[in-house]
Amino acid sequence: MIQVRGLTKRFGKLVAVDNLWLSIDRGDAFGFIGPNGAGKTTSITMLATLLAPDAGTAEICGHDIRRDAEGVRSVVGYMPDFFGMYEDMKVWEYLDFFAAAHRVPYSRRRKIIKDVLELTDLGHQRDTYVEALSRGMKQRLCLAKTLAHDPEVLLLDEPASGLDPRARAEVRGLLQELCRMDKTIIVSSHILPELAELCNKIGIITQGKLVTAGNVNEISTQIVGGRSLVIGMVSRAEEACGMLQALPSVSSAELRDGHVEALYTGADGDEHEVLTALIMGGFQVRSFEPGEADLEQVYLSATRGEDTDVSSG
Ligand SMILES: Nc1ncnc2c1ncn2[C@@H]1O[C@H](COP(=O)(O)OP(=O)(O)OP(=O)(O)O)[C@@H](O)[C@H]1O
Ligand SMILES: [Mg+2]
């Protein structure tokens, strides 16, 4: 759906985006993560055809961003990180304006506007002036605007920035809904856990370079060096840790929150050998499951030495 090939942007001496390669499939929700100044906005703006690359290109739904900006814009909904709004318009007029700008015919606009207002939970604000909306509502309206021409691909640059926790959760819920509608989404943030919940793939960028990209577990494996296994023991948990540490396919094992947490470095799909080893060792195992990737650790390892800020918006 989206193929990014060597995309590069320089501002004077600074290489803001440095030879970016990405492949995003239809229906993917791709989380683009990195600290301030990493190059997220610059990349997304190039994909939205609002900034010309210095080298490389990208194709979105078969449209090349350099040769076919019109085509790209017809399939893409772009939500910038900062946006101005026409304040003296009513909510529905605002949406109608953008739908018309995207040449959605008059006959279809009513229905589309009704749908996006419903989706963004702004139905009851239909006749409110934009200037009277709260920040969170404006943000949702901006998202509604990016949907006004029913695009297949959404490029969302920090759609939840500056919002309080409840409003962030609402935006997240809305994005989840869009994923269910099979939109292909690129969404940026510098808060990894927020995106991980939503995205099936993530890419981490720092200083213009993509450090890593893939599904959350793959990345975690690559960066942390293994997959975590969470094992509940009936008894002798400490002893089990000792035994697991001696296994060649386990790089560490420790007690955490009453469970044994082991870092498995063996072949994918062979995790059962750890369970077998425990049982052969006479241990009673209550539960055995993959652990959640520790995203904060992944992010901090991937962006080590950077000015990172994972906790605040
Ligand atoms: N128009 C511009 N002129 C000069 N430098 C720029 C311009 N736009 C961006 N930059 C620089 O390019 C780098 C990448 O900026 P970008 O806005 O893409 O980062 P970002 O990942 O979106 O950061 P943030 O999380 O703060 O939004 C930064 O060092 C920034 O200062
Ligand atoms: Mg940005």
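I counted a residue as near ligand 1 if one of its heavy atoms lies within 4 Å of it. The model I examined is predicted.

**Entry 1: ligand shell.** With that cut-off, I listed the residues around ligand 1 as F11, L14, A16, P35, N36, G37, A38, G39, K40, T41, T42 and E158. I then sorted this shell by class and obtained five nonpolar, five polar and two charged residues. I also looked up which elements supply the shell: β2 (14–24) and α1 each give at least two residues. Helix α1 gives the most, with three residues.

**Entry 2: polar contacts.** I checked the oxygen atoms of ligand 1 for polar partners. A polar side-chain atom of T42 lies 2.5 Å from one such oxygen atom. For T41, I found a polar side-chain atom 2.7 Å from an oxygen atom of the ligand. G37 takes part through its backbone, with an N or O atom 2.7 Å from a ligand oxygen atom. I next computed the cover: ligand 1 has 630 Å² of accessible area on its own, and the protein covers 59% of this area.

**Entry 3: helix α1.** I asked why helix α1 (residues 40–47) is described as largely enclosed by the rest of the structure. Seven of its eight residues are buried, so the description follows. I recorded the buried residues as K40, T42, S43, I44, T45, M46 and L47. Just after the helix, I noted that T49 takes a positive phi of about 65 degrees.

**Entry 4: domains.** I consulted the domain assignment of the protein chain, which gives domain 1 (2–220) and domain 2 (226–296). Taken over C-alpha atoms, the centres of domain 1 and domain 2 are 40 Å apart.

Notes
Residues are numbered from 1 along each chain as its sequence is written. Chains are lettered from A and ligands numbered from 1 in the order in which they are written. This is a predicted model: local features need pLDDT of at least 70, side-chain atom pairs count only at pLDDT 80 or more; totals for chains, interfaces and linings use all residues. Side-chain values use heavy atoms; hydrogens and water are left out. Buried means under 20% relative accessible area, exposed over 50%, partly exposed in between (1.4 Å probe, protein chains only). Helices (H or I, at least four residues) and strands (E, at least two) are DSSP runs, numbered from the N terminus. Domain bounds come from an automatic or database domain assignment. A polar contact is a pair of N or O atoms within 3.5 Å; within protein, one must be able to donate a hydrogen and the other to accept it, and residues adjacent in sequence count only if both atoms are side-chain atoms. Accessible areas come from the Shrake-Rupley method with a 1.4 Å probe; for residues, only the protein chains shown count as cover. Ala, Val, Leu, Ile, Met, Phe, Trp, Tyr, Cys and Pro count as nonpolar, Asp, Glu, Lys and Arg as charged, and the others, Gly among them, as polar.
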